[in-house]
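The exercises below are to be worked with the sequence and the model at hand. Each task is followed by its solution in steps.

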There are 2 protein chains.
Amino acid sequence: MRKEEKKRCVVAEKNKTERRKFYNDDECPIRNVVAQIGDKWSMLILFALVDGSDRFNSLKSRIIGISQRMLTQTLRDLEREGYVKRTVFPEVPVRVEYELTEMGSGIVKPLYQLVSWAGEHHDDIKHCRKIYDDRVSS
Amino acid sequence: MRKEEKKRCVVAEKNKTERRKFYNDDECPIRNVVAQIGDKWSMLILFALVDGSDRFNSLKSRIIGISQRMLTQTLRDLEREGYVKRTVFPEVPVRVEYELTEMGSGIVKPLYQLVSWAGEHHDDIKHCRKIYDDRVSS
DNA sequence: TAACCTTGGTTACTTTTAATTACTATGGTG
DNA sequence: CACCATAGTAATTAAAAGTAACCAAGGTTA
């Protein structure tokens with residue numbers, strides 16, 4: 001199956017260098033990483049927890065605009081993936097602390113590279129957008 | 001405004017070290033990067049173009065599962081952001097080539113770090129998921 | 001003892017956004 | 001005149017996110 005497709009690809013491309021294919025299964029690391037943290041809130045929560053463990057309502061007030069429902073849901077997902085650890089302290093009222101696991105700290109490193117790149121080039125991107133929009137509208 | 005919120009935050013957290021807040025404006029690099037390439041196809045297209053410039057239908061066949069419409073749309077968005085350059089060759093039939101811009105090559109580097117991290121830890125994540133699901137269902 | 005407070009949720013419902021599918025256009029070629 | 005590559009557009013469906021109301025435990029207050 002794979003071999004056949006590769007062959008077809010090579011034939012189609014003729015004398016060009018061979019190019020990768022991106023398969024639609026759960027072995028594709030790109031699709032995996034996008035599915036895991038490509039949603040609206042995951043990266044924000046991971047970065048919030050870089051500052052140290054934090055509790056539900058504090059996170060809610062630090063991540064401006066997140067609803068209680070989405071915070072719960074995204075924290076659950078991150079916990080399930082193994083990026084976040086949830087600890088319940090049976091005090092009154094109950095206290096729940098969230099912190100990065102070792103894996104959570106692990107993924108934050110490349111994410112940080114990405115975000116600092118984005119920060120550095122934010123103006124360039126806005127510039128490109130403007131040029132594009134001006135060109136298209138004319 | 002910001003100052004006030006910061007103050008409130010510090011008061012709320014008392015003797016803990018100060019924590020960052022993540023504001024809801026377009027200056028937040030995290031929200032920006034997620035909005036740009038957090039969708040289903042952007043990262044795949046960027047990575048496909050790392051192998052060199054390519055044309056529409058070749059991309060379509062290499063990125064398994066993408067529809068014609070989503071490829072068009074995502075390429076347009078990437079072009080608008082300045083990651084991809086589109087060149088039309090007025091041959092017959094028309095040939096359209098897509099390639100990474102300098103900025104596109106720039107963002108792919110941190111993305112590559114992220115993807116290789118994800119590739120290395122894919123099994124760990126699947127393991128975590130299984131443990132979580134077993135724990136929850138019991 | 002009843003009403004109320006807190007934190008940290010859940011549930012049902014609605015809105016918004018993303019993605020898919022199918023159809024149309026263009027401007028040549030064989 | 002059916003075909004190609006490269007789109008655009010419209011209709012539909014699916015998925016993500018938001019809103020608001022409610023719940024639970026256990027303490028406080030009246």
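The exercises treat the surface near DNA strand D and then the interface between chain A and chain B.

This is a predicted model, in which local features need pLDDT of at least 70, side-chain atom pairs count only at pLDDT 80 or more, and totals for chains, interfaces and linings use all residues. Residues are numbered from 1 along each chain as its sequence is written, chains are lettered from A and ligands numbered from 1 in the order in which they are written, and side-chain values use heavy atoms, with hydrogens and water left out.

**Exercise 1.** Describe the protein surface near DNA strand D, where a residue is near if one of its heavy atoms lies within 4 Å of the strand.

*Solution.*
1. Around DNA strand D there are 19 residues, of which A:R69, B:R69, B:T72, B:R86 and B:Y98 come nearest.
2. By class, this surface has eight nonpolar, four polar and seven charged residues. Here Ala, Val, Leu, Ile, Met, Phe, Trp, Tyr, Cys and Pro count as nonpolar, Asp, Glu, Lys and Arg as charged, and the others, Gly among them, as polar.
3. At least two residues each come from α5 (68–81) of chain A and from α4 (56–62), α5 (68–81) and β3 (95–100) of chain B. Helices (H or I, at least four residues) and strands (E, at least two) are DSSP runs, numbered from the N terminus.
4. The most is given by α5(B), with four residues.

**Exercise 2.** Determine which part of DNA strand D the protein approaches, and name phosphate contacts.

*Solution.*
1. Sugar or phosphate accounts for 73% of the strand's atoms within 4 Å of the protein, and bases for the rest.
2. In chain A, a polar backbone atom of A:K40 is 2.9 Å from a phosphate oxygen.
3. In chain B, a polar side-chain atom of B:N57 lies 3.1 Å from a phosphate oxygen, and a side-chain N or O atom of B:R76 is 3.4 Å from one.

**Exercise 3.** Characterise the interface between chain A and chain B.

*Solution.*
1. Contact (heavy atoms within 4.5 Å) links 65 residues of chain A with 66 residues of chain B.
2. The buried area, meaning the accessible area (1.4 Å probe) that two parts lose on being put together, summed over both, is about 5,700 Å², and carbon and sulfur atoms give 60% of it.
3. Within chain A, the most area is lost by A:R19, A:R80 and A:W117, together 11% of what that side buries.
4. Twelve salt bridges are counted between the chains, each a side-chain nitrogen of Lys or Arg within 4 Å of a carboxyl oxygen of Asp or Glu. One of them pairs A:K126 with B:E27, with the closest N and O atoms 3.3 Å apart.

Terms used: Near = heavy atom within 4 Å. Polar contact = N/O pair within 3.5 Å; in protein donor to acceptor, adjacent residues only side chain to side chain.
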